Amino acid sequence: MTQQIPMFIDGQAVISTSSDWLDVTNPATQEVINQVPFATAAEVDQAVASAKKAFETWKDVPVTQRARMMLRYQHLLKKHHDEIAEILAEETGKNFEDAKGDVWRGIEVAEHAANIPTLMMGETVENVANKVDTYSLIQPLGVCTGITPFNFPAMIPLWMFPMAVVCGNTFVLKPSEQDPNTPMRLAELFYEAGFPKDTLQVVHGGKDQVDQLLNHPDIEAISFVGSVPVGEHIYRTGTQNLKRVQAFAGAKNHMVVMPDANKQQVVNNIAGSACGAAGQRCMAISVAVLVGESREWLDEIKGKMTEMKPGYWKNKESFYGPQISPQAKQNVENMIKQGVEEGATLLLDGRGHTVEGYPNGNWVGPTLFSDVTVDMDIYKKEIFGPVLCVMTADTLEEAIELINNNPYGNGTSIFTSSGAAARKFQHEIKVGQVGINIPIPVPLPFFSFTGWRKSFYGDQHAYGKQAVRFYTETKTVTSRWFESDIPDDTGPNATINL
Ligand code: NAD
């Protein structure tokens, strides 16, 4: 019998009573790994109720103790790094290095979260009026929830629950139903690190379970990462219910290539960042804008992309893995077909790609379009596959205007040897994460992950100081202490006139 994945509710591993289960498959073979439930409404309610109860005691656990538990957690994540990466590679198809990278970027957030005592420091001003002091306290919110996508099943849950729980909140995680085994292992290690089991609950499911969380009166804050339509739904519904929401959504990331850039660096970086993780990264480069004479480098880019071979994760030669599902593969192939119909020039066609020994994998080969224009759907929509659209511009100004007119604003990069060009680009571009001779500029956790425009709805971003603000409330105290029963000379002046 196929193994059923439990949920973690009220400190217990619970097998759902749901009649609705989904097969979790290996995307390179279609073999069923195990099955994930769509939780019943009663189970979701039970998880939230348990998290609410847990908050009453957890919020008063000293911040130093919470930090020590987080230190133990980051140690356990490092100890089990390879083991988690194997689970992750099996259910996502990512090659092993990439799978390890996915886990590592999450471990870095746990490391950062262990600094919570300093991150939660408030501010103080003494003597705002005579013998009156004002200071701020940073306090947790209550029950927070996180809804995560398939493409980073370690990193993205780790963006959320370590920061939320270490701030003193409790958390209900609803991971992607496509690869739930990785986040389940992360949760097990979290309990092993000493966090009380009811501080983190894990429920499984899809739209119905998410909608229940969005509408639940006891949920204070919602963190979401996923596609644009779902992100818009989450943000609209969550904020309409007067909740705090951060929703990270889809992307279309441009790399601008100036003719003074190092050609070999450009070629290697474009090919790698377009095909890496099968293009299933929200920061993947999906559009190259070749400025001036760099448009003559197209042949070299094409040559390098043909070297990017997909394959099974255990094969060290595999540069990237399969699409997550047959449906995802079909979507990418449909977009390639559409690009041809729209009139773009298809220089490399990844449709119908096969990998020896893995006839059932969701493979898409490296795909390259040139002559792409802004009115084409392959430019306007996120493809989320190993597909690169090449466009050209005569000047840097033209390239900047192109990017600023695109609705997404997650990441972008410029390759150049000119400091002035780079400075102009970083200043004028309306995108939240900018790389200068770096193709995928994902910030380390002491900064925040700062997508803009259609790639993010909300105001406080993931990890870094912004996550602490997102998961806490600030209380401002104004205090006066009398030295004796005799009124001192503060009198009415003790009141601050606003
Ligand atoms: P998705 O939107 O399909 O699913 C994300 C989560 O939402 C899952 O947990 C899923 O169960 C749930 N969900 C799906 N449909 C829903 C609905 N109708 N109502 C409520 N919940 C629903 O995304 P995905 O395919 O898992 O992930 C890929 C997407 O995530 C891409 O668009 C990618 O760009 C984006 N992404 C963005 C970032 C970022 O930081 N901006 C990072 C990673 C991924």
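**Exercise 1.** State in which sense strand 5 and strand 6 pair, and over how many bridges.

*Solution.* Step 1: strands are DSSP runs (E, at least two residues), numbered from the N terminus. Two strands count as paired if DSSP finds at least two bridges between them. Step 2: in this predicted model, strand 5 and strand 6 pair in the antiparallel sense over three bridges. Step 3: T124 has Y135 in strand 6 as its bridge partner. Step 4: the hairpin of these strands has two residues between them, and K131 takes a positive phi near 65 degrees there.

The model is predicted, with local features needing pLDDT of at least 70 and side-chain atom pairs pLDDT 80 or more, while totals for chains, interfaces and linings use all residues. Residues are numbered from 1 along each chain as its sequence is written, and side-chain values use heavy atoms, with hydrogens and water left out.

**Exercise 2.** Give the pairing of strand 6 with strand 22, and find which residue is the bridge partner of V132.

*Solution.* Step 1: strand 6 spans residues 132-140 and pairs with strand 22 in the antiparallel sense over nine bridges. Step 2: the bridge partner of V132 is R480. Step 3: L137 stands opposite K475 in strand 22.

**Exercise 3.** Write the strand order of the sheet and name its edge strands.

*Solution.* Step 1: the sheet is open, with three strands in the order 5-6-22 and antiparallel pairing. Step 2: strand 5 (124-129) and strand 22 (472-480) are the edges, each pairing on one side only.

**Exercise 4.** Sort the side chains of strand 6 by face.

*Solution.* Step 1: buried means under 20% relative accessible area, exposed over 50%, and partly exposed in between (1.4 Å probe, protein chains only). Step 2: V132, T134, S136, I138 and P140 point to one face and are buried. Step 3: D133, Y135, L137 and Q139 point to the other face and are not buried.

Note on methods
Helix = DSSP H or I, 4+ residues; strand = E, 2+ residues; numbered from the N terminus.
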